[in-house]
Amino acid sequence: MTTLVIAWRNIFRNRRRSALTLLAIVVGAVAVLLFGGFVTSILFGLQTNTVRAIGHLQVFRQGYFEFGAGKPGAYGIKDYARVLRLIRDDAALQPLIRVLTPTLQVFGIAGNFAENTSRTFYGRALIPSDRLRMWAWDGLGIGNTSLRQLAMSDDDRDGGVIGVGLARILHECAALKVLNCTDGPSEADVSPDLPAEDFSSLIEIDPPASSGAAVDRRPKIDLLAATVAGAPNVVTLQLNGVERQGAKELDDNYVLMHLDLGQRLLYGRGEHQVTGLVIQLHHSSDVAGARRELRRLFAAQGLDLDVRDYTELNPFYLQVIAMFGAIFGFLAVIMGVIVLFTVVNTMSMSVMERTAEIGTIRALGLRRSGVRRLFLAEGLVLGVLSASLGLLVGLGLSFLVNRAGLTWTPPTSVDPVPLRVMVAGNPLLLAGCWFGLVALSALSSLLPANKAARLEVVDALRHG
Amino acid sequence: MTRTSSLPPPGDIVVRLRDVSKTYLLGAVAVPGLHELSLEIGRATFSVIVGPSGSGKTTLLNLIGGIDRPSAGTVEVAGQDLGGLGDDRRSDFRARNIGFIFQSFNLIPVLSAYENVEYPLLLTRVAAAERRRRVMALLDAVGIGDQSRRRPNQMSGGQRQRVAIARALVKDPVLVLADEPTANLDSRTGAQIIALMHAMQTRCRTSFVVSSHDPQVMEQADETFTIRDGALIDRHCRATS
Ligand SMILES: Nc1ncnc2c1ncn2[C@@H]1O[C@H](COP(=O)(O)OP(=O)(O)OP(=O)(O)O)[C@@H](O)[C@H]1O
Ligand SMILES: [Mg+2]
């Protein structure tokens, strides 16, 4: 008890020095808290965007993840309606799942006959309403800065969107009225000798438009791919708009279409399959559990299916986490070293100034361990005071930053997320910072405290 | 004053030094502090150690107080051979049995007069009510009762030394050691402090060993030990004067 009282009063005895030490620790705390809060917010934004785009888990045929990109159709999930039903009816999975939706990957060549342009494309076929629901996920509570307006609907089975880069290449910018997008030079200007391209002879099934009465007036492109059976096949995609992609390579290739159109392209008249089942959970923390349950289910049903989570599907995600973790760790270490040196210096000066006092209390009968305890207590009290103050200041500053209402767009993403420093509501960061600083402060006073404890009474007294 | 030849009876001895030497090492040079010094101090006496500067007074008091170890010989206080105690046990022994009064008062600056006097009782874990009773009684006895809340820097030198006397006596020690307690005080205040120490010594029936150059101090002595060059050269007993 008295030890703490003496420690407390000694801190206020040399106000100037204590204030400077306090300031150093507070600055350390604030830097760690604000940056930690910023990193947390970045990672939350990144996770949210990732989960909104690709869900938490995807189910594939065994081997698709490794080799499927070469020939997606060959790794189709047969009778996927049954698999969907199995998952949907599983008592353990049901409460965890927010969206369960089939998806199909398609690769091929996209062409615009009218403009005589073409290029390879990477296409995703999906159910539009499910995709919209996935974009509303907010499991980390970051809020919705941009709810996508998806220019697709479940009824519009021939409609879709393409990347801005692809629109540019295929000369659809003008037709689609895309801002900041000018159509490329026509093929005839670049290399006039090439023969005109036309996929129309390759169409395996009749396009539905030919049977209907109304003619679709939307801009359109043709998609050419090989069916699972190996025959070339073409479908027409009616363009509803563009969707800009974060990475140029993707933007130049990107095609998003209705699941039905993708299936018509890839499977023709054969059985319509999908390449993946996308699962979005309510909470990211359920990923491991849901994955285990899915594997159990597939094994029990003898299904040759594999489950991957979003960190495997998007390795970039873990790389970003590792990078920010390293930066944060670096900053924390620097701050820690500064705090360490400041406290060691302050406590050493305190020991030096109070040498005669140490001699006195030792003569009065305090053991060496009591002297050590006295100075450790002082470091501890100093740590508690400054860490607490640092937490308050950090919280206050984070509040101000968050009120500014800034947004930013994470790398390779198109959708801005709020720029926030998540300090309040980040108990791990707060507790880690507080206990870390208090422990560091106490630890830093260990050296001076031991020095004080080792003093010989007579030598210490002569310092008077 | 006459030279005494008879020693006090052994049961009444509080301090017994036998052939105590203390050699300080200054680098490679050995500086003699005390040389084969033997003496005995009786229970409940007021003893004064006199001697010129550098004669070894402080060294002697440090050895008696158990805050320094002799290079040779034995130091016994209240029947306990201090040489046989480890560091912690010696600290505990001091906490229970020995009071210190210093030349520069050495109060703990962040503690009030009351808390300074209370401090030794916290070291020996005396119960709160008993602490309060003893501290107040002693503060009143040394004439500081009305200033118990003051910090040392709000008090004069004389007042501080009064607090220090109360602090030394509060644990009811068998022995109080005071190294030149009046050296930092003007002579009038010094005289008051010496009178107070003597009064308290009689009242508490404890032994005081005081080193001093001050003739006022020597007047109070039951016994006076004169040392020079680390050796006891004279011992006077007032009772026989
Ligand atoms: N720590 C030390 N290191 C070296 N020599 C010392 C030390 N302490 C005391 N001495 C020497 O021991 C001798 C006795 O010193 P001591 O301090 O005991 O004398 P003193 O009688 O108290 O003197 P004063 O009246 O000046 O206080 C002196 O020669 C002194 O220089
Ligand atoms: Mg001296």
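This report walks through the interface between chains A and B, then some salt bridges, a buried aspartate and a sheet in chain B. Keep in mind that the model is predicted.

**The A/B interface**

Let's start where the two chains meet. On the A side 19 residues make contact, and they do so with 24 residues of chain B. Putting the chains together buries about 2,100 Å², with carbon and sulfur atoms giving 60% of that area. On the chain A side, A:Arg9, A:Leu364 and A:Arg367 lose the most area to chain B, and together they account for 32% of what that side buries.

As for specific polar pairings, the rule picks out 5 salt bridges across the interface of chain A and chain B. It also finds 10 residue pairs in polar contact there, counting pairs with both residues at pLDDT 80 or more. Three helices of chain A, α1 (2-13), α14 (355-363) and α18 (457-462), each supply at least two residues of the side that touches chain B. Of these, α14(A) brings the largest share, 6 residues. Sorted by class, that side of chain A has 9 nonpolar, 4 polar and 6 charged residues.

A:Arg367 deserves a closer look. Its side chain meets that of B:Asp92 in a salt bridge, at 2.4 Å from N to O. A:Arg367 also forms a salt bridge with B:Asp88, where the closest N and O atoms are 3.8 Å apart. That second pair crosses between chains, running from helix α2 (residues 87-97) of chain B, where B:Asp88 sits, to the loop between α14 and α15 (368-403) of chain A, which holds A:Arg367. How accessible are the two ends? B:Asp88 is partly exposed, with a relative accessible area of 32%, and A:Arg367 is partly exposed too, at 33%.

Another spot to check out is B:Val110, in the loop between β7 (98-101) and α3 (113-123) of chain B. Is B:Val110 buried or exposed? At 2% relative accessibility it counts as buried, because the cut-off for buried is under 20%. Leaving aside residues up to four places away in sequence, B:Val110 touches A:Ile6, A:Arg9, A:Asn10 and A:Arg13 in chain A, plus B:Glu115 and B:Arg151 in chain B. For a sense of distance, B:Val110 and B:Gly230 are 120 residues apart in sequence and 37 Å apart in space, C-alpha to C-alpha.

**Salt bridges**

Over all chains, a search of the whole structure turns up 33 salt bridges. Side chains of opposite charge can pair when their charged atoms come close. Here are four of them with their N to O distances:

| Pair | Distance |
|---|---|
| B:Asp92 and A:Arg367 | 2.4 Å |
| B:Asp88 and A:Arg367 | 3.8 Å |
| A:Arg133 and A:Asp130 | 3.5 Å |
| A:Asp260 and A:Arg157 | 3.4 Å |

The two pairs within chain A are set up in their own ways. A:Arg133 and A:Asp130 both lie in helix α5 (residues 128-135) of chain A, 3 residues apart, which is about one turn of the helix. A:Arg133 counts as partly exposed at 43% relative accessibility, whereas A:Asp130 is buried at 10%.

The pair of A:Asp260 and A:Arg157 has its side chains meeting at 3.4 Å, N to O. This one links distant parts of the chain, 103 residues apart: A:Asp260 is in helix α10 (residues 259-267) of chain A, and A:Arg157 is in the loop between α5 and β4 (159-162) of chain A. A:Asp260 is buried, with a relative accessible area of 18%, while A:Arg157 is partly exposed at 43%.

**A:Asp309 and its network**

Salt bridges also join up into a network in chain A, linking A:Arg291, A:Arg295, A:Asp306, A:Arg308, A:Asp309 and A:Glu312. One member, A:Asp309, lies in strand β9 (residues 305-309) of chain A, and at 12% relative accessibility it counts as buried. The side chains of A:Asp309 and A:Arg291 are joined by a polar contact of 3.1 Å. What else does A:Asp309 touch? Not counting residues up to four places away in sequence, the list is A:His56, A:Leu57, A:Val287 and A:Arg291.

**A sheet in chain B**

Finally, chain B has an open sheet of 4 strands in the order β3-β2-β5-β6, with antiparallel pairing. β3 (29-42) and β6 (80-81) stand at the edges with a single partner strand each, so one side of each is left without a neighbour in the sheet. Strands β2 (residues 13-26) and β5 (residues 72-77) of chain B run antiparallel and are joined by 5 bridges. B:Arg18 stands opposite B:Thr74 in β5(B).

Methods
Residues numbered from 1 in each chain as written. Chains lettered and ligands numbered in written order. Predicted model: local features only at pLDDT ≥ 70, side-chain atom pairs only at ≥ 80, totals over all residues. Heavy atoms only, no water. Contact = heavy atoms within 4.5 Å. Buried area = accessible area lost by both parts, 1.4 Å probe. Salt bridge = Lys/Arg side-chain N within 4 Å of Asp/Glu carboxyl O. Polar contact = N/O pair within 3.5 Å; in protein donor to acceptor, adjacent residues only side chain to side chain. Nonpolar A, V, L, I, M, F, W, Y, C, P; charged D, E, K, R; others polar. Buried < 20%, exposed > 50% of the residue type's maximum accessible area, 1.4 Å probe, protein only. Pairing = 2+ DSSP bridges.
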